[in-house]
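Student: Before the details, I should like the terms settled, so that each label can be checked against its criterion. May we proceed in that way?

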Protein chains: 2
Amino acid sequence: MNEYEVIKKIFLPLSIRKEYSLNLDDDANLLPNKKQIVVCTDSIVEGDHFQKNEKNSLLIAKKLLRSNLSDLASMGAEPFGYTLNLSLPKKFGNKKLINWIKLFAKGLKQDQLKYQIELLGGDTVITKGPLILSLTLFGFKKKKIIKRSNAQNNDDIYVTGNIGDSGIGYKILLNKLNLNTKLNNFYISKHKLPDPPVNFGKNLCLLANSATDISDGLLADLNNIITSSSCGATIYIENIPFTTYTKNLIKKKKIDINYLLTCGEDYQLIFTAKRKYYNNLILLAKKNFIKITKIGKIVKGKKLLILDKNNQKLSFQNLGFKHF
Amino acid sequence: MNEYEVIKKIFLPLSIRKEYSLNLDDDANLLPNKKQIVVCTDSIVEGDHFQKNEKNSLLIAKKLLRSNLSDLASMGAEPFGYTLNLSLPKKFGNKKLINWIKLFAKGLKQDQLKYQIELLGGDTVITKGPLILSLTLFGFKKKKIIKRSNAQNNDDIYVTGNIGDSGIGYKILLNKLNLNTKLNNFYISKHKLPDPPVNFGKNLCLLANSATDISDGLLADLNNIITSSSCGATIYIENIPFTTYTKNLIKKKKIDINYLLTCGEDYQLIFTAKRKYYNNLILLAKKNFIKITKIGKIVKGKKLLILDKNNQKLSFQNLGFKHF
């Protein structure tokens with residue numbers, strides 16, 4: 001199969017409205033814009049964001065798509081389509097490459113149905129280095145964009161879902177932690193297949209003042225919110241949502257709470273909202289079958305204060321993942 | 001300098017209208033859309049699209065931007081902004097990396113002024129592999145989109161500029177050809193710094209029936225036009241535009257004409273238009289200080305026929321660069 005056949009046979013079925021993708025035939029594609037468009041882009045690298053020689057390209061496709069969906073969810077936007085840049089390693093050889101791409105496209109197809117989005121265009125290159133995949137996701141602006149920089153004094157701080165599952169999965173994959181098979185699989189699946197609250201996010205725009213997704217770690221991403229909003233935050237360790245399994249691991253000192261708050265790739269949302277929206281938020285979360293938890297408050301000043309159950313300050317040397 | 005400082009100090013000055021880039025502060029950005037938007041995306045890889053350890057990141061920035069501008073020009077669209085995905089190699093170390101990025105941003109800035117475009121958003125990752133850069137360029141649809149698949153029987157076939165200069169420069173860089181210093185520099189600069197006819201392209205939409213840019217080689221890209229338009233083409237070798245230098249090299253048998261028609265990365269346009277638009281096209285080209293040359297005709301059938309000055313058929317084993 002040559003490049004032309006790969007595009008026509010494997011990727012063209014992922015394009016739904018050919019009047020915008022132009023049958024993936026051209027040097028560019030159109031966007032079906034009726035409203036203002038929100039764009040985000042994310043790259044993942046073999047060996048960093050997923051394991052070297054990972055054969056399950058179905059999971060890689062979904063993780064790439066979902067990390068971008070998580071970004072759009074944090075903006076309160078409604079995703080509709082994406083373009084792809086695939087940098088494929090020479091080492092694969094043709095047959096292996098085609099199988100890899102087929103499984104990759106299968107993952108995209110499943111998630112296209114789940115999230116009601118479609119492929120719009122892209123580009124492919126062959127490289128001597130590791131596999132690198134970039135995805136640019138497009139969404140419509142809803143009534144308002146939720147900015148990271150708009151947290152207001154006295155806002156409540158919420159997170160969706162549970163924190164740290166992905167980071168525990170990553171430790172297990174690196175053989176730095178070993179639990180029983182059931183738990184190992186649970187955490188690894190949380191790491192390999194995040195489930196960002198896309199439908200919740202796109203309805204959040206009239207309720208939240210600020211938001212971001214937790215990709216670099218809860219503390220680092222909360223710190224991004226208060227830095228760009230010029231305010232401080234106080235959060236309560238006791239209120240951070242963990243699964244029952246994780247609570248047990250903390251109790252047994254098998255995992256450090258510091259790690260859970262800084263390990264990143266949760267792809268949950270952290271957002272701030274006026275107290276008066278509490279009931280609306282709980283209702284919206286219920287409607288979308290997700291959990292939200294109030295973990296603290298936005299305060300004056302510029303500090304991020306982390307308090308334990310006795311209201312004692314905890315200090316963290318490192319707030320989370322830094323790209324460089 | 002950490003990632004946050006790099007974004008704020010080096011890249012934020014490249015964003016002009018902060019209401020769309022959101023100060024590069026958020027997980028996504030907006031597009032300033034009043035019209036329908038055309039999107040293209042391109043990746044370049046160290047060692048493939050530019051030399052390994054190339055220090056002149058100013059040129060890399062411009063080549064990346066211009067290869068995308070070339071794509072939009074071939075669609076007849078008007079570029080307005082772009083997002084970036086940088087996969088930066090670990091091997092650089094922090095200081096070298098920052099200097100590399102600064103020079104890269106300088107190149108972007110110069111071309112932003114030249115082409116009246118701006119940075120809208122992006123993503124950065126650090127990788128163990130080679131440098132990979134992806135750029136997604138956005139443009140407004142003008143009155144019509146020029147598709148690759150719309151060549152009509154009896155259309156004239158045109159190319160802009162000259163063919164093969166970039167390919168000769170590439171051979172010189174690989175030490176497979178050596179001319180005098182002046183000529184070496186001329187061809188290398190054509191390879192490192194393409195100059196796609198952006199203003200010409202964005203005014204072509206009412207004149208051309210079909211178009212693409214010459215990235216994979218004149219024959220390969222013309223073949224893409226006739227394949228997707230279900231037609232044939234006849235072109236005349238005598239009419240292909242070469243610089244006087246190149247004509248000399250052909251005469252002295254220092255370079256093979258086959259190579260010039262298949263080497264790619266010309267970033268000129270190849271387009272087809274009704275005969276009656278000849279004068280309009282010449283005028284449009286003059287206005288934009290570029291050369292256009294009629295090299296043949298679209299015909300019935302599905303064959304690409306290449307004729308020499310005695311109307312004898314030439315055959316080419318390879319039509320041009322294949323990605324895989």
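Tutor: A helix here is a DSSP run of H or I with at least four residues, a strand is a run of E with at least two, and both are numbered from the N terminus. The model under discussion is predicted.

Student: What makes residues 165-173 of chain B a helix, and what follows α5(B)?

Tutor: A helix must have at least four residues in its DSSP run. Helix α5 of chain B spans residues 165-173, which satisfies that requirement. After α5(B) comes Asn175(B), with a positive phi near 60°.

Student: Which residues of α5(B) are called buried, and what covers them?

Tutor: The label requires 20 or more other C-beta atoms within 10 Å of the residue's own. Asp165(B), Ser166(B), Gly167(B), Ile168(B), Gly169(B) and Tyr170(B) carry that label. Their cover includes α6 (181-192), α9 (244-251) and α10 (257-262) of chain B.

Student: Why is strand β5 of chain A called mostly covered?

Tutor: Of the nine residues of β5(A), at positions 132-140, eight are buried. By the same criterion, each of those eight has 20 or more other C-beta atoms within 10 Å.

Student: What makes β2(A) and β3(A) partners of β5(A)?

Tutor: Pairing requires at least two bridges between the strands. β2(A) is joined to β5(A) by nine bridges, in the antiparallel sense, and Val39(A) lies opposite Phe138(A). β3(A) is likewise joined to β5(A) by nine bridges and runs antiparallel to it, with Glu78(A) opposite Phe140(A). Both counts satisfy the criterion, and so both strands are paired with β5(A).

Student: How do you know that β2 of chain A pairs with β1(B)?

Tutor: The threshold is again at least two bridges. Strand β2 of chain A, residues 37-45, and β1(B) share two bridges and are antiparallel, so the requirement is met. Val38(A) has Leu30(B) as its bridge partner there.

Student: What is the strand order of the open sheet in chain A, and which strands stand at its edges?

Tutor: The sheet has seven strands in the order β7-β9-β6-β10-β8-β11-β12, with mixed pairing. β7 (208-213) and β12 (313-314) of chain A each have a single partner strand, so each has one side without a neighbour in the sheet, and these are the edges. Within this chain, β6 (residues 156-160) and β9 (residues 269-273) are antiparallel and joined by four bridges, with Tyr158(A) and Phe271(A) as one bridged pair.

Student: What makes β12(B) a partner of strand β11 of chain B?

Tutor: Two bridges connect β11, residues 304-307, to β12(B), and the two run antiparallel. At least two are needed, so this count suffices. Leu307(B) is opposite Lys313(B).

Student: How do you know that chains A and B are related by a two-fold axis?

Tutor: Chain B is superposed on chain A by a rotation of 180° with 0.0 Å of shift along the axis, at an RMSD of 0.0 Å. This is the relation of a two-fold axis. Gly129(B) has the C-alpha of chain B nearest to that axis, 2.3 Å away.

Student: How many residues of chain B are in contact with chain A, and why are the copies said to meet through the same surface?

Tutor: Contact means C-beta atoms within 7 Å. By that rule 57 residues of chain B are in contact with 57 residues of chain A. The chain B side divides into 20 nonpolar, 23 polar and 14 charged residues. Of the interface residues of chain B, 100% are also interface residues in chain A, so the copies meet through the same surface.

Student: Which domains does chain A have, and which element gives the largest share of the domain 1 side that touches domain 2?

Tutor: The domain assignment lists domain 1 (3-140) and domain 2 (148-314), whose centres over C-alpha atoms are 27 Å apart. In all, 16 residues of domain 1 are in contact with 17 residues of domain 2 in chain A. On the domain 1 side, α3(A) gives the largest share, ten residues. That side divides into six nonpolar, five polar and five charged residues.

Student: Which residues touch the most other members of the largest nonpolar core?

Tutor: The core has 169 residues, and Leu72(A), Ile270(A), Leu72(B) and Ile270(B) touch the most other members. Leaving out residues up to four places away in sequence, Leu72(B) touches Ala28(A), Val38(B), Cys40(B), Ala77(B), Pro79(B), Leu137(B) and Gly139(B).

Technical notes. Residues are numbered from 1 along each chain as its sequence is written. Chains are lettered from A and ligands numbered from 1 in the order in which they are written. This is a predicted model: local features need pLDDT of at least 70, side-chain atom pairs count only at pLDDT 80 or more; totals for chains, interfaces and linings use all residues. Two residues are in contact if their C-beta atoms, placed from the backbone, lie within 7 Å. Ala, Val, Leu, Ile, Met, Phe, Trp, Tyr, Cys and Pro count as nonpolar, Asp, Glu, Lys and Arg as charged, and the others, Gly among them, as polar. Copies are superposed by least squares on the C-alpha atoms of residues with pLDDT of at least 70 in both. A residue is buried if 20 or more other C-beta atoms lie within 10 Å of its own, exposed if 12 or fewer, and partly exposed in between; C-beta atoms are placed from the backbone. Domain bounds come from an automatic or database domain assignment. A nonpolar core is a set of buried Ala, Val, Leu, Ile, Met, Phe, Trp, Tyr and Cys residues joined through C-beta atoms within 7 Å.
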